Every structure is written in C-alpha cells, then in structure tokens.
Amino acid sequence: MAEMEDGEGVVATERYGSQESWRYFLKDGRMKRQRDAVGGRLARNSVSGVFQSVFLPQGYPESVSEDYLQYQLWDTVQAFSSSLSGTLATQASLRGVGVGNQEATVAAATITWLLRGIWNWDAGKILFAWLKGLFADILNDVAMFMEIAAPHFPPFFTLIVCIAGIFKSIVGVAGGATRAALTVHQARRNNMADISAKDGSQETLVNLAGLLVSLALIPLVTDNPLLTFILFFLFTVLHLFANYKAVRSVVMETLNEARLSIVLHRYLLDGQLLSPAEANQKEPVFLSLRRTVPIKLGVRLGDIVQEPGELQLALKNNSKPYLIGIKNGTLCVCLGSDASVRDEIMAACQALCLRAVLHDDSSLSGALKQLSNTKDPWELVSQSHKMVNQIFQTFLKELDQAKWHTDQTLLDWNEWRVEWSKKRS
C-alpha cells in the first residue's frame with residue numbers, strides 16, 4: 001500500500017507471477033487500473049498469454065525447475081524426429097502385411113498385425129526393468145529400423161515385426177517411468193498434474209506438426225527404399241542427439257549412486273563439494289563398461305553374516321543402523337529397520353569409499369589411501385566406520401549448503417530391513 005499524495009496516487013499493486021504487474025491508483029476520485037512494464041517491456045499480449053496458458057504450467061517459470069524450458073525444447077525436437085521415423089516404419093509395416101499387394105489376403109494381414117500387437121505389449125512389459133540411461137531410445141530406433149527393413153525379408157517378416165514390437169513396448173513403459181520421475185523433479189509447487197497435462201498438450205502439438213510433415217513425406221518415399229533409409233538415418237541421428245542434449249540439460253538435486261559417488265570422491269580428493277549442476281554434468285549418460293566392485297543395498301542379513309562371530313566383526317566400531325560386509329567380491333549393505341534417509345546416505349557413502357579402496361584406484365589420497373593398507377576385509381570395514389564417523393557430518397552439512405536434497409534419495413535400496421542384537425565388541 002503506497003502513500004497517497006493530494007488525494008491521488010498508487011493505492012495497491014498486484015502481479016501475476018513474473019508475467020504481469022498492475023497498479024491501482026486514484027484519479028479524479030475513481031479507482032483506475034494500469035499495467036506496468038515488466039523487465040523494461042509491457043507484459044505478455046493476448047496471443048502469447050493463450051499460448052502460455054495452454055502449453056506451459058501455471059505460474060511458469062517460478063512453478064517449475066530451472067531446467068524445465070531447455071529440457072522441453074530438446075524433448076520436442078526428439079519427439080518430432082521420432083514421429084517422422086515412426087511414419088517411415090508404419091508405412092513399411094503396412095506394406096509388409098500386404099497393403100497394396102493384390103495377392104495378400106485380409107486374414108493373413110490381420111493375423112500378422114495381431115501377433116505384432118500381442119508381442120508388443122506382453123513381452124515388452126516383462127523385459128522393461130533392465131533398461132537404463134539412453135539405451136531405451138537407442139532400442140526405439142533399432143525397432144523402427146527393423147520395421148523398415150522387415151518387408152525386404154518376406155519369409156521372416158512376422159518374426160521381425162514381433163521382435164520390433166517387443167522393443168517398442170519396452171521403450172513405451174520405460175518412457176512412462178522416466179517421464180514420471182522428471183515430472184516430480186520439475187514440479188516446484190506440488191503441481192505435477194498441471195505439468196503432466198501441459199506435457200500432453202505439447203506432445204499433441206508435436207504430433208500434429210509431425211503429421212503435417214509426414215503427409216508431404218509419404219509420397220516421396222513410396223516405392224523408394226533408398227530414400228527411406230537415408231531419411232531414417234538422418235531422423236535417427238537427430239533423435240539421439242536431441243535425447244542426449246535433453247538428458248544433459250536436466251539438473252537433478254536428488255542423489256543417486258552415480259551422483260553421490262562423483263560428489264563424494266571429489267570431496268575426499270580436494271575438499272570441494274560439487275553443486276548439483278556440476279555433478280550432473282559429470283554423470284555418465286550411457287551404460288558404463290568400466291568394471292567396478294558391485295554394491296548391493298538393502299540385502300538380507302544372511303548375505304553378510306554366515307557365522308555368529310561375523311556379526312560381532314560387522315558390529316566392531318559400528319554404532320550405526322546398518323551393517324556392511326564384503327562377500328565374494330561384492331559390497332553388501334544391510335539396513336536396520338530404524339534407519340533414516342540420512343543413515344541411508346551414510347551407508348552408501350561408506351560403501352562407495354570401500355569400493356574405491358577395493359578397486360585399487362590410483363587416485364586414492366588421504367583417508368582412503370590409509371584404508372588401502374588394510375588387507376583383512378572385516379578390519380577394512382571396521383576402519384571405514386571410523387573414517388565415515390569423522391567426515392560424514394561435515395559432508396552432509398555441505399550437501400545441504402550446496403542445495404542437494406538430503407530428505408530423499410534415488411539410491412537403489414532393496415526392501416530387506418533387519419533388527420539385530422545391540423551387543424557390540
């Protein structure tokens with residue numbers, strides 16, 4: 001509320017997010033409303049306002065994460081290129097089942113199409129769980145290539161399109177799971193429903209644009225296999241490039257194993273704690289082929305302890321609600337039923353430190369270098385408890401200061417929770 005001068009002046013102001021700002025003032029004894037300039041320009045006009053209300057979440061950009069726009073732009077490019085590749089694949093599939101072939105029967109075409117659909121959904125959902133990174137997108141392009149190539153191998157057409165259907169089903173389920181995780185990340189005002197709805201609007205617009213281009217594209221590629229494969233190759237390159245840029249644009253503030261490993265090792269190396277943006281840029285996008293010591297989180301007690309004496313060894317120097325053991329070259333972490341999220345982060349940090357030592361990393365320094373001198377597995381675990389006790393609280397405090405989310409994680413914990421005797425030696 002502003003002070004009025006001589007009976008006239010601004011009496012109130014209001015704004016719509018960061019898009020519009022208005023002033024109320026008295027003039028000639030009447031209340032007037034006037035739009036202000038925002039950032040040196042007048043607020044949005046009616047066309048841009050309608051576009052934003054249809055395709056962007058309410059309250060944009062304050063209501064979404066900072067990486068929202070960049071990710072959605074690259075996601076639009078990849079969806080558009082994928083739509084065009086899908087047009088080429090659909091045309092090839094229809095030709096393969098007999099469309100345009102006078103010798104083909106309706107029954108044979110129907111059976112082939114039904115088999116394709118059955119294998120598409122049922123087998124694909126079963127295999128979905130093994131996909132990570134950009135592998136799903138690569139698999140999608142492989143599936144479309146198989147559909148385009150299938151008509152050139154008539155005896156194996158049905159088998160090829162069924163396998164391609166399985167691949168595309170896996171991609172569909174994986175895409176839904178990934179989209180759900182990104183929606184949670186992008187929502188800053190518990191507005192996941194609005195973001196999901198606007199994502200659907202954007203997808204509809206992209207599909208419409210793809211349809212218009214496809215209508216011009218189909219006459220060019222009909223009965224021209226060489227041009228079909230050339231265009232498919234170009235669309236595939238664009239699709240994968242846009243997917244890579246989209247994934248790289250995302251800045252997740254929640255710790256998974258890869259990001260925690262990157263942040264922790266840099267912290268132990270030189271005391272610097274990476275911000276979410278810095279750590280996300282270093283996180284591998286593709287599946288890593290580098291051999292490392294596997295870590296299993298949330299295992300059964302029997303995976304760590306086979307004898308009563310081993311339980312006492314696991315409890316040595318350990319007052320935490322988790323147990324760690326090294327069995328058959330694998331780091332196993334057994335979580336107590338009373339463990340908090342921060343206990344989970346601590347357990348994962350300790351396991352990552354032990355993995356670095358067991359992997360015989362040449363870049364080890366400081367406390368990790370001292371741990372590497374210990375050869376007995378149980379003694380190594382015991383000494384690592386001491387090291388984690390010394391560094392973790394400071395590390396956790398700096399995580400909070402760097403705006404990492406420590407109230408939840410994306411660590412891959414299994415569901416086993418154990419209660420054990422509190423007697424320790």
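Here are four short exercises with worked solutions on the predicted model shown above.

**Exercise 1. Work out the strand order and the edges of the antiparallel sheet that contains β1.**

*Solution.*
Step 1: Begin with the order. This open sheet has three strands, arranged β1-β2-β3, and the pairing is antiparallel.
Step 2: Look for strands that pair on one side only. These edge strands are β1 (9–16) and β3 (30–35).
Step 3: Check the twist, which averages 25 degrees from one strand to the next.
Step 4: Zoom in on one pair. Seven bridges connect β1 with β2 (residues 20–27), and Gly 9 faces Leu 26 in β2.

**Exercise 2. Find which parts of the chain the salt bridge between Glu 14 and Arg 33 links, and say whether each residue is buried, partly exposed or exposed.**

*Solution.*
Step 1: Take the distance. The closest N and O atoms of Glu 14 and Arg 33 are 3.0 Å apart, and a salt bridge needs them within 4 Å.
Step 2: Place the residues. Glu 14 is in strand β1 and Arg 33 in strand β3, so the pair links distant parts of the chain, 19 residues apart.
Step 3: Recall that partly exposed lies between the cut-offs of 20% and 50% relative accessible area. Glu 14 has 32%, so this residue is partly exposed. Arg 33, with 44%, is partly exposed as well.
Step 4: Set this beside another of the 12 salt bridges in the structure. Arg 266 and Asp 270 meet at 2.8 Å, N to O. Both lie in helix α8 (residues 257–270), four residues apart, which is about one turn of the helix.

**Exercise 3. Explain why β7 and β8 each have one side without a neighbour in their sheet.**

*Solution.*
Step 1: Write down the order: β7-β9-β8, an open sheet of three strands with mixed pairing.
Step 2: Count partners. β7 (295–297) and β8 (322–327) stand at the edges with a single partner strand each, so one side of each has no neighbour in the sheet.
Step 3: Add the angle. Neighbouring strands here are turned by 15 degrees against each other on average, direction ignored.
Step 4: Follow one pairing. β8 and β9 (residues 330–335) run antiparallel and are joined by six bridges; Lys 327 sits opposite Thr 330 in β9.

**Exercise 4. Identify which helix gives the most to the nonpolar surface patch.**

*Solution.*
Step 1: List the members: Phe 51, Leu 205, Leu 208, Leu 211, Leu 212 and Leu 215 make a patch of about 590 Å².
Step 2: Helix α6 (residues 192–221) contributes the most, with five residues.
Step 3: Try one member. Leu 205 is found in helix α6 and, at 38% relative accessibility, counts as partly exposed.

Methods: Residues numbered from 1 in each chain as written. Predicted model: local features only at pLDDT ≥ 70, side-chain atom pairs only at ≥ 80, totals over all residues. Heavy atoms only, no water. Pairing = 2+ DSSP bridges. Helix = DSSP H or I, 4+ residues; strand = E, 2+ residues; numbered from the N terminus. Axes fitted to C-alpha atoms, helices over the stretch in contact; angles between N-to-C directions. Patch = residues over 30% accessible without salt bridge, like charges linked within 9 Å, V, L, I, M, F, W, Y side chains within 5 Å. Areas by Shrake-Rupley, 256 points an atom, 1.4 Å probe, with all protein chains shown as cover. Salt bridge = Lys/Arg side-chain N within 4 Å of Asp/Glu carboxyl O. Buried < 20%, exposed > 50% of the residue type's maximum accessible area, 1.4 Å probe, protein only.
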